[in-house]
Amino acid sequence: MNPQSRTIAELDRVIHEPGRLMVVALLFAIDGSDFLYLQHETGMNKGTLSSHLSRLEEAGYVEVVKTYRGKVPQTLLRLTGAGRRAFDHYRRKLKEAL
Amino acid sequence: MDQVGALLDRPKFYYNIDGLGELSGGLMFLGIALLLSLPADSVWHKISWFILLGLTLAIPHGIKAIKTHITYPRTGFVEYRKSDRRRTSVIGGMAGALIPLGLFVAMRHRWEIATLASLAGLILAAAYAYRVARAVRWKWIVACAIALGSIVIGFLPADVLAAMANDSLVTHPLRARLGGTIVVSFIAYGAMLMISGGISLWLYLRNTHPPAQEEQ
């Protein structure tokens, strides 16, 4: 296997899926967001987005944080430290491969 | 890779998805222009700076309240990174400090004020194009209008500019021509941002609905 093929083979498959890549890239640029924002930006339906978020949560890349905005309870989705590192690594590898 | 980069930029553009960013900027420009063009013997003269301070404090709270009731239920909430918010404050503070410094240097060296105002307007147009127009194609018209307006201000006759500030608040601490240039520039930029922000808000309200309404 040549080095370029090896780099592509080593890409993180959890992030590499287009739907999850959108979610991770959006969350990478901010501190956190609610479900509705991700749904609006990605154009996915509730079920599809939920399943991608579950997969990312299983991998330890996304965490669900229950907070309050004023007196209103709010569920925020955040990228964990591991998620940020994984996305950084993924971008580097993708650049190398391209 | 470019598409990933575009995704990383999307949350930055989201702040102005409802046009409130532009509306707040436009309101500030028009508020300052109005205060500066008040007649020197106006009763508002003594409290004008308190009004300005009140406006500066009220606008962010107003924006937050509108976003809470309109934007977040329709297209969601975003918590921006603290470092981004800090950087925006630092850039805003630096710009705020550089403007009076630039005016002071310009007055001392007797530079052509209208030309300087034109340059400042072109910088504003470039910043607007980078921060706003990149995300929404029709906003390039607004960026071009700001640039064009800045160039026109640079060519306005000096007596026309001076007449704009004649016997107003600004003719006392500043020269009439300088005051007039600031008033004309701020009215032009404020009006353009208000119109653009208003159209964005109207389009946003027309095209987005809270999820519960969409299901009906």
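In which strand of chain A is A:T67 found? In this predicted model, A:T67 belongs to strand β2 of chain A, which covers residues 62–69. With a relative accessible area of 22%, A:T67 is partly exposed, since the buried class ends at 20%. Once residues up to four places away in sequence are set aside, A:T67 touches A:V72, A:P73, A:Q74 and A:L76. A separation along the chain can also be set beside one in space: A:T67 and A:A82 are 15 residues apart in sequence, and their C-alpha atoms are 21 Å apart.

**Confidence and overall make-up of chain B**

The model as a whole scores ipTM 0.83 and pTM 0.81. For chain B the average pLDDT is 83, and 88% of its residues score at least 70. The secondary structure of chain B consists of 9 helices and 1 strand, and when read along the sequence these elements follow the pattern α-α-α-β-α-α-α-α-α-α. Chain B has 216 residues, of which 36% are buried, while its accessible surface amounts to about 12700 Å², with 70% of that area belonging to carbon and sulfur atoms. Among the contacts in chain B with a separation of 6 or more, 78% are accounted for by residues 24 or more positions apart.

**Between the chains**

How many residues of chain B are in contact with chain A? There are 23 such residues in chain B, and they meet 26 residues of chain A. About 2100 Å² is buried between chain B and chain A, and carbon and sulfur atoms give 65% of this area. The count of salt bridges between the two chains is 2, whereas the structure holds 7 over all chains.

A salt bridge is formed by the side chains of B:E79 and A:R78, with an N to O distance of 2.7 Å. Because B:E79 lies in strand β1 of chain B (residues 78–79) and A:R78 in strand β3 of chain A (residues 72–79), this pair joins two chains. A:R78 counts as partly exposed, its relative accessibility being 21%.

**A salt-bridge network in chain B**

The salt bridges described here are set out below, with the distance from N to O for each pair.

| Salt bridge | N to O distance |
|---|---|
| B:E79 and A:R78 | 2.7 Å |
| B:K12 and B:D9 | 3.1 Å |
| B:D9 and B:R134 | 3.5 Å |

The side chains of B:K12 and B:D9 meet at 3.1 Å, N to O, and because these two residues are 3 residues apart in helix α1 of chain B (residues 2–14), about one helical turn separates them. B:K12 is partly exposed at 38% relative accessibility.

B:D9 also forms a salt bridge with B:R134, for which the closest N and O atoms are 3.5 Å apart. This pair links distant parts of the chain, since B:D9 is in helix α1 of chain B and B:R134 is in the loop between α5 (113–133) and α6 (139–155), 125 residues apart. B:R134 is likewise partly exposed, with a relative accessible area of 39%. Through shared partners, the salt bridges join B:D9, B:K12 and B:R134 into one network.

**A buried lysine and a nonpolar patch**

Is B:K67 buried or exposed? B:K67, which lies in helix α3 of chain B, has a relative accessible area of 5% and is therefore buried, the limit for that class being under 20%. Leaving aside neighbours within four places in sequence, B:K67 is in contact with B:Y15, B:D18, B:L20, B:Y72 and B:P73.

On the surface of chain B, the residues B:V43, B:W44, B:I47, B:F50 and B:I51 make a nonpolar patch of about 540 Å². One of these, B:W44, lies in the loop between α2 (20–36) and α3 (48–75) of chain B. The relative accessible area of B:W44 is 46%, so this residue is partly exposed; a residue would have to be over 50% to count as exposed.

Technical notes. Residues are numbered from 1 along each chain as its sequence is written. Chains are lettered from A and ligands numbered from 1 in the order in which they are written. This is a predicted model: local features need pLDDT of at least 70, side-chain atom pairs count only at pLDDT 80 or more; totals for chains, interfaces and linings use all residues. Side-chain values use heavy atoms; hydrogens and water are left out. Patches are made of residues with over 30% relative accessible area and no salt bridge: like charges are joined within 9 Å, nonpolar side chains (Val, Leu, Ile, Met, Phe, Trp, Tyr) within 5 Å. Accessible areas come from the Shrake-Rupley method with a 1.4 Å probe; for residues, only the protein chains shown count as cover. A salt bridge is a side-chain nitrogen of Lys or Arg within 4 Å of a carboxyl oxygen of Asp or Glu. Helices (H or I, at least four residues) and strands (E, at least two) are DSSP runs, numbered from the N terminus. Buried means under 20% relative accessible area, exposed over 50%, partly exposed in between (1.4 Å probe, protein chains only). Contact means heavy atoms within 4.5 Å. pLDDT is the predictor's confidence in each residue, from 0 to 100. Buried area is the accessible area (1.4 Å probe) that two parts lose on being put together, summed over both.
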